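Reader: I am new to reading protein models and would like to go through this one slowly. Could you explain the terms as they come up?

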Amino acid sequence: MKILVVYFTQSGQLKGILDNIVQDMKQEAEIDFAEIRLVQPFPFPWSSATFFDAMPESVLQVPAAIQPMPAIMDKDYDLVLFGYQPWFLHPSIPANSFLQSEWAVALRDKPVITVIGCRNMWLNAQEKVKAQLQRLGANHIGNIVLEDKHGNMTSTLTIIRWLFKGQKEASKRLPDAGVSDRDIRDTQRYGKPILRHIKEGQTEALQQDLLHLGAIHLRPNLIVLEKRGVSQFPKWAKKARDKGGPGAAERKPVIKLFSRILITAIFVLSPITALVAKIQTALKKKQLLKAVEYFKSTQYQPGRLG
Ligand SMILES: Cc1cc2nc3c(=O)[nH]c(=O)nc-3n(C[C@H](O)[C@H](O)[C@H](O)COP(=O)(O)O)c2cc1C
């Protein structure tokens, strides 16, 4: 059996997750890792200016040039694991750039399992990836989501420390950032069931099995919160792109205003937003529970978040 693992990661977190998932597959499968590399990589840790300047191209899914990946075209893979992360509620620029590149043809007619490593907001990014996989003619059979299980405010503060200072480890008052080491290690449990489904050719039942193993935890209020962001980000992205491309001086004022509004929304308005989301969640419980089922599945119905 041949398995291809295509991924992007800045900190190495997603590579750690994927290494654990394939741990128990190694005896029975040949596993090739292919890292997506931008021709002009983003810095890690980030500066505030480069971080917010990545918003328009993330949101509008404008691809950047990636390093050629000819090796992934050579073999007829039985399974592809696609590891990516959301940036500004959309697939990260490197992940999206791969999906729109000539190398993504390697996914055609292949069973694909998406693996997400994020803070906690991945729904819209996954909808965009589902659309791309459909366009590519891939067979999307599974999705595994790893997130930071701390509360929204704690994970926001720790991810800021991580992304801007490079410190994932706990500090005096705050815990480790990102996905916990234990959750990363525990992804090893997915390897054998995945292999079994592929061998038996019963890929339709895979996602249900992954869900039984705890592959996705999704709280309904996150759907409400994410919907709000999804409705706002494209307006700012278009405004900025109208002024110029990445790094253009002309778009800096728009980016600055966006960053200020986002920071205010996160730190000043968030208690109100959380309360409103809680009320909306209670009022629309039935509808949201149905939505939870949908977002946990690999089905794709355009417009579910827009
Ligand atoms: C520019 C940027 C935007 C991000 N936006 C989101 C987001 O919308 N939702 C989310 O859950 N995490 C977000 N994150 C966190 C990433 O999804 C990811 O968990 C983190 O960057 C570590 O990924 P790595 O594997 O590249 O190291 C963002 C990170 C970056 C760098």
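Author: Helices (H or I, at least four residues) and strands (E, at least two) are DSSP runs, numbered from the N terminus. Residues are numbered from 1 along each chain as its sequence is written. This is a predicted model, in which local features need pLDDT of at least 70, side-chain atom pairs count only at pLDDT 80 or more, and totals for chains, interfaces and linings use all residues.

Reader: Phe88 has a positive phi although it is a residue other than glycine; where is Phe88 found?

Author: The phi of Phe88 is near 50 degrees, a positive value in a residue other than glycine. As for its place in the chain, Phe88 is found in the loop between S4 and strand S5 (90-91).

Reader: Which residues does the cis peptide bond join?

Author: One partner is found in the loop between strand S2 (30-35) and H2, and that residue is Pro45. The bond has an omega of about 0 degrees, and the residues that it joins are Phe44 and Pro45.

Reader: How are H10 and H11 oriented to each other, and why?

Author: Axes are lines fitted to C-alpha atoms, for helices over the stretch in contact, and angles run from 0 to 180 degrees between N-to-C directions. Angles under 35 degrees count as roughly parallel, over 145 as roughly antiparallel, 65 to 115 as roughly perpendicular and the rest as oblique. The axes of helix H10 (residues 220-243) and helix H11 (residues 252-267) come within 8 Å and cross at roughly 160 degrees. H10 is therefore, with respect to H11, roughly antiparallel.

Reader: Which residues in H11 are met by residues in H10?

Author: Two residues count as being in contact if their C-beta atoms, placed from the backbone, lie within 7 Å. From H10 come Trp236, Lys239, Ala240 and Lys243, and in H11 they meet Val254, Ile255 and Phe258.

Reader: How is H10 oriented to helix H12, roughly parallel or oblique?

Author: H10 and helix H12 (residues 270-283) have their axes 9 Å apart and pack at an angle of about 120 degrees. Because of that angle, the orientation of H10 to H12 is oblique.

Reader: Which residues of H12 make the contact with H10?

Author: On the side of H10, the contact is made by Pro220, Asn221, Val224 and Leu225. On the side of H12, the contact is made by Thr273, Ala277, Lys278, Gln280 and Thr281.

Reader: Which helix gives the most to the side of domain 1 that touches domain 2?

Author: Domain bounds come from an automatic or database domain assignment, and here the assignment gives domain 1 (2-218) and domain 2 (224-285). The contact takes 14 residues from domain 1 and 16 residues from domain 2. Helix H2 (48-53), helix H3 (55-59), helix H5 (123-136) and helix H6 (152-165) each supply at least two residues of the side of domain 1 that touches domain 2. With four residues, the helix that gives the most to that side is H3.

Reader: Which elements give two or more residues to the shell around the ligand?

Author: A residue is near a molecule if its C-beta atom, placed from the backbone, lies within 6 Å of it. The ligand is surrounded by 20 residues, of which the closest are Thr9, Ser11, Gln85, Cys118 and Arg119. The elements that give two or more residues to this shell are helix H1 (13-22) and strand S4 (86-87).
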